[in-house]
Amino acid sequence: MRILIPALLLPFLCADALAQAPGPQWTLTTTPSNPPLRRECPGTSDNTYMYVFGGTTGNSGGSRVNDLWRFDGATWTQMTANGATGSPAARHQAGVTWDFARSKLVVFGGQDAAGTALADTWEWDPVTNAWTNITPPGSPSARRFTALSYDPATGGLVMFGGLDGSGTHLNDTWMFLGGAAWVQASPTTVPSTRRQHHLVTRPDVGDVLLFGGQEATLTVAQGKWRRDTHSWNGTDWTLIPTTTDPQGVVANDATYDQLRQRVVMPSGNGGTPANQCNGVSEFDTLTNDWVIRPGLGYFSRFFLAYVPAIGKTIKVSGQGNLVPTNTY
């Protein structure tokens, strides 16, 4: 397993990145057992543990799963088994986040084993270790490759975009309030349509950042890769001008390192060569700009979360050069 720790940076790996100052690097931590290799869902954290839910098994092909795992920095514990009665249907490409106001893990949508886009909302309670289907009337349309995150401004969740069941790219904004109702927001500024993008909460700033993703019907020249960065304040989106673009912007995961006040988004697609990136894109809260740091080589579709109690960013599973189950 690989865990991010403060140290001197490794030699630079991405050809078009900036010169680097001292910063973090990846190290390997051995654990007694790991979740089975999987891909295609985001990771999340409750500030004490990292959680991994569902996905598709293996490095290619594989099957949808719905098990839930928890990591304390040393040991992985399976909380609910694959196929357990009362769990959400097996799925990948879902929205997954932690609701800090209610202390629940929340899952929305994704794609099931039959390839059907889903529109259900589920929560997992760490006290009872039980799942509950809490899908209310008036929920968002079925979708996969959406992004979901805790919203400190409203004390609820915010969700943006994704790919609906007909293959249409979306750019709607939804708020999940009090664990009881989905409400579609009407922001003045509306970011462009996209899928496989990221929403990351910055608790110290009190906002949610939106970045990355792609619109597959467009060419690269037309802006297929979304490299814009927006901030959500609970009611509206604001574009943040940047002088440096993130590199890999899809087929990866992102999290917020509260200690260093930086978004961490490793590897993924949307860079070069062959649209693959080896580095780590970081958005610096102090400068409101992206910097590119060395990475571990190309990998994609992994689970990622910053865990304050551990003080590290954790990466596990995924696809590509780092296919063994590991923690970053």
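Gln 214 counts as buried, because its relative accessibility is 7%. In this predicted model, Gln 214 is placed in the loop that runs between β19 and β20. Residues up to four places away in sequence aside, the contacts of Gln 214 are with His 169, Arg 194, Arg 195, Gln 196, Lys 224, Trp 225, Arg 226 and Val 250. Two of these partners, Trp 225 and Gln 196, are described next.

Trp 225 is located in the loop between β19 (207-211) and β20 (229-232). The relative accessibility of Trp 225 is 12%, and the residue is therefore classed as buried, the limit being under 20%. Beyond its neighbours within four places in sequence, Trp 225 makes contact with Gly 213, Gln 214, Val 220, Val 249, Val 250, Gly 270 and Asn 275. Val 250 thus appears among the contacts of Trp 225 and also among those of Gln 214. The C-alpha atoms of Trp 225 and His 197 are 9.8 Å apart in space, with a separation of 28 residues in sequence.

Gln 196 belongs to the loop between β17 (181-184) and β18. With a relative accessible area of 11%, Gln 196 is buried. The backbone of Gln 196 has a positive phi, near 55 degrees, in a residue other than glycine. Most residues other than glycine have a negative phi. A positive phi, of about 85 degrees, is also found at Asn 47, which is not a glycine. Asn 47 lies in the loop between β4 and β5. Unlike the buried Gln 196, Asn 47 is partly exposed, because its relative accessible area is 31%.

The protein as a whole contains zero helices and 31 strands. Of its 328 residues, 58% count as buried. Among contacts between residues at least 6 apart in sequence, 51% join residues at least 24 apart.

In soluble globular proteins, nonpolar side chains tend to be buried together. The largest nonpolar core in the model comprises 24 residues, and those with the most contacts inside it are Met 50, Leu 68, Leu 105, Trp 124 and Trp 131. At least two residues of this core come from each of β5 (50-57), β6 (64-71), β7 (76-80), β9 (95-99), β10 (104-112), β11 (117-125), β29 (303-307) and β30 (312-316). The greatest contribution to this core is that of β5, which gives four residues. Leu 68 is in contact with Tyr 51, Val 52, Phe 53, Thr 77, Gln 78, Met 79, Thr 80, Leu 105, Trp 124 and Trp 131, its neighbours within four places in sequence being left aside. Apart from this core lies another, of 13 residues, and Val 200, Trp 225, Ile 240 and Val 263 are among them.

Two hairpins are formed by strands that supply the largest nonpolar core. In one of them, β6 and β7 pair in the antiparallel sense over four bridges. Phe 71 stands opposite Trp 76 of β7. Four residues separate the strands of this hairpin, and Gly 73 takes a positive phi near 100 degrees. In the other, β29 and β30 are paired in the antiparallel sense over five bridges. Phe 303 has Val 316 of β30 as its bridge partner. Four residues lie between β29 and β30, and Gly 311 in the turn has a positive phi of about 75 degrees.

β29 is mostly covered, with five of its five residues buried. Its side chains are divided between two directions: Phe 303, Ala 305 and Val 307 point one way, whereas Leu 304 and Tyr 306 point the other way, and all are buried. In addition to its part in the largest nonpolar core, β29 supplies at least two residues of the lining of the largest pocket.

The volume of the largest pocket is about 740 Å³. Its lining consists of 40 residues, with Pro 42, Gly 43, Leu 199, Asp 253 and Ala 254 nearest the centre. Besides β29, the strands β4 (44-45), β9, β14 (147-151), β18 (198-202) and β22 (255-257) each provide at least two lining residues. Divided by class, the lining of this pocket holds 21 nonpolar, 16 polar and three charged residues.

Terms used
Residues numbered from 1 in each chain as written. Predicted model: local features only at pLDDT ≥ 70, side-chain atom pairs only at ≥ 80, totals over all residues. Heavy atoms only, no water. Core = buried A, V, L, I, M, F, W, Y, C linked by side-chain atoms within 4.5 Å. Buried < 20%, exposed > 50% of the residue type's maximum accessible area, 1.4 Å probe, protein only. Contact = heavy atoms within 4.5 Å. Pairing = 2+ DSSP bridges. 1 Å grid on protein atoms, 1.4 Å probe; cavity = no way out; pocket = protein on both sides within 12 Å on 5 of 7 lines; lining within 4 Å. Points joined across faces, edges and corners; volume = space filled by probe spheres on them. Nonpolar A, V, L, I, M, F, W, Y, C, P; charged D, E, K, R; others polar.
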